[in-house]
Amino acid sequence: MAFTPATEKLIQALQALPGVGVRSAQRMALQLLEREPETGQRLSSALSDALTLVHKCPQCRTLTEDDLCGVCANPDRDASVICVVASDVDRAGIEMSAAFQGRYFVLHGVLSPIDGIGPETLGLVELVELARSGEVSEIMLALDDRLESEATVHFIKEQFKESGLTVTRVPFHQMKSGALDQADSRVIEQALTQKQTLGFEHD
Ligand SMILES: [Zn+2]
């Protein structure tokens, strides 16, 4: 064995992070253990605190430290529109733009059968339940242009086929700047004004 068992375990844990291969994981682990034990302690306690305190809002799946997230707990937010986003980063981007006054639903991913991500993982049953609460009249999809996102848009649209709700899509998938999490507030605000209603007539 090249490293101690605990070091190997740390390297393997780091490799689970997106974009981190075995070489990067080895470099990170050894840097923390050899030269920056204080940084390692800080990282360890920040991670432990975050895992203890942060959970998904039971209503919209936004990451929060409270019983309900700030948006769901705010009676001044427009409960008739639910903006569906793929990640909490996207939700934060839209929220920063201050151009949207409705509520959110965070999927934490998009449909990807090859990775085992199905409708249950994305909370789509909960989304349909939330939409049936009576106050909701519009489901606004704010997803990007990846193939999986398109499939997700189609799937969600189908769920509301007979519901009488309006399903709209914000044209984030047409933005030149690409991913929603890289867009600035002005671009997000502009895209929100250009949302389109998705029709059911061709299904
Ligand atoms: Zn919430």
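**Reading a predicted chain: elements, salt bridges and a surface patch**

The secondary structure of this chain, seen here in a predicted model, comes to 7 helices and 7 strands.

User: In what order do the elements of the chain run from the N terminus on?

Analyst: Helices and strands are numbered from the N terminus. Here the order is α-α-α-β-β-β-α-β-α-β-α-β-α-β. The C-alpha trace spans about 60 × 35 × 35 Å along its principal axes.

User: How should I read burial, and what share of the residues in the chain is buried?

Analyst: A residue counts as buried under 20% relative accessible area and as exposed over 50%, with partly exposed in between. Of the 203 residues in the chain, 38% are buried. The accessible surface comes to about 12,100 Å², and carbon and sulfur atoms hold 53% of that area.

User: What do the contacts say about parts of the chain that are apart in sequence?

Analyst: Contact means heavy atoms within 4.5 Å. Among contacts with a separation of 6 or more, 56% are between residues 24 or more positions apart.

User: How many positive and negative side chains are there, and how many salt bridges?

Analyst: A salt bridge requires a side-chain nitrogen of Lys or Arg within 4 Å of a carboxyl oxygen of Asp or Glu. The chain has 18 positive and 30 negative side chains, and the centres of these two sets lie 4 Å apart. The structure holds 7 salt bridges.

One of them joins R77 to E95, with 2.7 Å between the closest N and O atoms. This pair links distant parts of the chain, 18 residues apart: R77 is in the loop between β2 and β3, while E95 is in helix α4.

User: Are R77 and E95 buried or exposed?

Analyst: R77 has a relative accessible area of 9%, so R77 is buried. E95 has 26% and is therefore partly exposed.

User: Which residue forms a salt bridge with E138, and where do the two partners lie?

Analyst: The partner is K195, and the closest N and O atoms are 2.8 Å apart. Because E138 lies in strand β5 and K195 in the loop between α7 and β7, the pair ties together parts that are 57 residues apart in sequence. E138 is buried at 13% relative accessible area, whereas K195 is partly exposed at 33%.

A further salt bridge is formed by the side chains of R169 and E150, at 3.1 Å from N to O. R169 belongs to strand β6 and E150 to helix α6, so this pair ties together parts 19 residues apart in sequence. R169 counts as buried at 8% relative accessibility, and E150 as partly exposed at 31%.

User: What is the nearest side chain of opposite charge to R103, and what surrounds R103?

Analyst: R103 lies in strand β4. R103 is buried yet has no salt bridge, and the nearest side chain of opposite charge is E135, 5.0 Å away. The cut-off for a salt bridge is 4 Å. Beyond neighbours within four places in sequence, the contacts of R103 include Q59, V71, C72, N74, R77 and D78. R77 is also the salt-bridge partner of E95.

User: Which residues form a nonpolar patch on the surface?

Analyst: A patch takes residues with over 30% relative accessible area and no salt bridge, and nonpolar side chains are joined within 5 Å. L53, V54 and L63 form such a patch, with about 230 Å² of accessible area together. L63 lies in strand β2. L63 has 40% relative accessibility, so L63 counts as partly exposed.

Note on methods: Residues numbered from 1 in each chain as written. Predicted model: local features only at pLDDT ≥ 70, side-chain atom pairs only at ≥ 80, totals over all residues. Heavy atoms only, no water. Patch = residues over 30% accessible without salt bridge, like charges linked within 9 Å, V, L, I, M, F, W, Y side chains within 5 Å. Areas by Shrake-Rupley, 256 points an atom, 1.4 Å probe, with all protein chains shown as cover. Helix = DSSP H or I, 4+ residues; strand = E, 2+ residues; numbered from the N terminus. Buried < 20%, exposed > 50% of the residue type's maximum accessible area, 1.4 Å probe, protein only. Lys, Arg positive; Asp, Glu negative; His and termini not counted. Charge placed at Lys NZ, Arg CZ, Asp CG, Glu CD.
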